[in-house]
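Please open the model in a viewer and keep the sequence panel visible. The tour below proceeds by selection, one stop after another.

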Amino acid sequence: MLSGRALALVILAWSLVKVLFARLGGRKTGLALFHDNYDADRLPPLTAGEREELTSFSSCIACGRCDAGEAERIAASRGAYPGLMAVVLASARSMPDFDAAALALRHVPDEVLEQKEAICPTGVPFRAIARFIRAKADFIAAADGNALPRRHLPLAATSGGAAMALGQPAQGEG
Ligand code: SF4
C-alpha cells in the first residue's frame, strides 16, 4: 500500500493524466473552468502579478493614522466611505464586495492616497490597493452584465462636493 510522498506523486500523476484527457476531449479546464465555477460567486481570477502584489496589501496594523483628516470625506459620502483603515482592513479583503469598496474609494482622490502612503508606518500601498479594487470591481460588473460599473457614475451631489473631490475641506465645514 502506497503512502506519503509516493501516494502524493501517484495522485498528482493521475490528476495530470485526467486533465490532459479532458483537454483532448474538449472539456473546460483551467481558466475557463475557473470562470464557470466562480463568476457567479463574484470571484475574478488573479494574474501572477496581482498574486505577488497581494502580499503587500495585508501589512496594516490598525494604527488609524490614515483616517486622520478623513472625517469630512466620510460624512460627505453618506455612508459609502467608512474611512481608509476600514477599506484596507475589511473592504479590500472581500472580493465579492469590491463594487462597494470601489464606491467608497471614489471619495478619496489618488493624490490623497499618495499622501497617506507617506504617513502609513507599514507602507500600505493605498494606490495599488485602489487600482486592484477598481479593476476587479469592473470585472465583476462586466460578469454581472452591468453595462456601466456603478463606480463610474458621477458622485452624488454633496455640500462642497467639488472641493471634497480635490481632497480639500468643503467650504463652511469643519
Ligand atoms: S496608516 Fe497604515 S497601518 Fe495605520 S491603519 Fe492606515 S493602513 Fe493601517
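Helix axes in this tour are lines fitted to C-alpha atoms over the stretch in contact, and angles run from 0 to 180 degrees between N-to-C directions. Helices (H or I, at least four residues) and strands (E, at least two) are DSSP runs, numbered from the N terminus. The model is predicted: local features need pLDDT of at least 70 and side-chain atom pairs count only at pLDDT 80 or more, while totals for chains, interfaces and linings use all residues. Residues are numbered from 1 along each chain as its sequence is written.

**The whole chain**

Begin with the entire protein, which has 9 helices and 0 strands. Of its 174 residues, 21% count as buried; a residue is buried if 20 or more other C-beta atoms lie within 10 Å of its own, exposed if 12 or fewer, and partly exposed in between, with C-beta atoms placed from the backbone. Among contacts between residues at least 6 apart in sequence, 60% join residues at least 24 apart. Two residues are in contact if their C-beta atoms, placed from the backbone, lie within 7 Å.

**Helix α1**

Select residues 4-24, which form helix α1. The expected span of a helix is 1.5 Å times one less than its number of residues. For the 21 residues of α1 this gives 30 Å, and the end C-alpha atoms are 31 Å apart, which agrees. The number of buried residues in α1 is 0, so the helix lies largely in the open. Just after α1, select Gly26, which takes a positive phi of about 85°.

**Two loop residues**

Move next to Ala62, in the loop between α3 (48-54) and α4 (71-76). Although Ala62 is not a glycine, it has a positive phi of about 60°. Ala62 counts as exposed because it has 9 C-beta neighbours inside 10 Å.

Then select Arg78, in the loop between α4 and α5 (84-89). Its phi is near 55°, a positive value in a residue other than glycine. Arg78 is exposed, with 10 other C-beta atoms within 10 Å.

**Helices α6 and α8**

At what angle do the axes of α6 and α8 cross? Select residues 98-105 and 126-144: the axes come within 8 Å and cross at roughly 130°. The two helices are therefore oblique to each other, since angles under 35 degrees count as roughly parallel, over 145 as roughly antiparallel, 65 to 115 as roughly perpendicular and the rest as oblique. From α6, the contact is made by Phe98, Asp99, Ala101, Ala102 and Leu105, and from α8 by Ala130, Ile133, Arg134, Lys136, Ala137, Ile140 and Ala141. By class, this contact has 9 nonpolar, no polar and 3 charged residues. Here Ala, Val, Leu, Ile, Met, Phe, Trp, Tyr, Cys and Pro count as nonpolar, Asp, Glu, Lys and Arg as charged, and the others, Gly among them, as polar.

**Helices α7 and α8**

Keep α8 selected and add α7, residues 110-119; the axes come within 8 Å and cross at roughly 135°. That angle makes α7 oblique to α8. Asp110, Leu113, Glu114, Lys116 and Glu117 in α7 meet Phe126, Arg127 and Ala130 in α8. This contact has 3 nonpolar, no polar and 5 charged residues.

**Last stop: Ala128**

Finally, select Ala128, in helix α8. With 16 C-beta neighbours inside 10 Å, Ala128 counts as partly exposed. Add Ser56: Ala128 and Ser56 are 72 residues apart in sequence and 9.4 Å apart in space, C-alpha to C-alpha.
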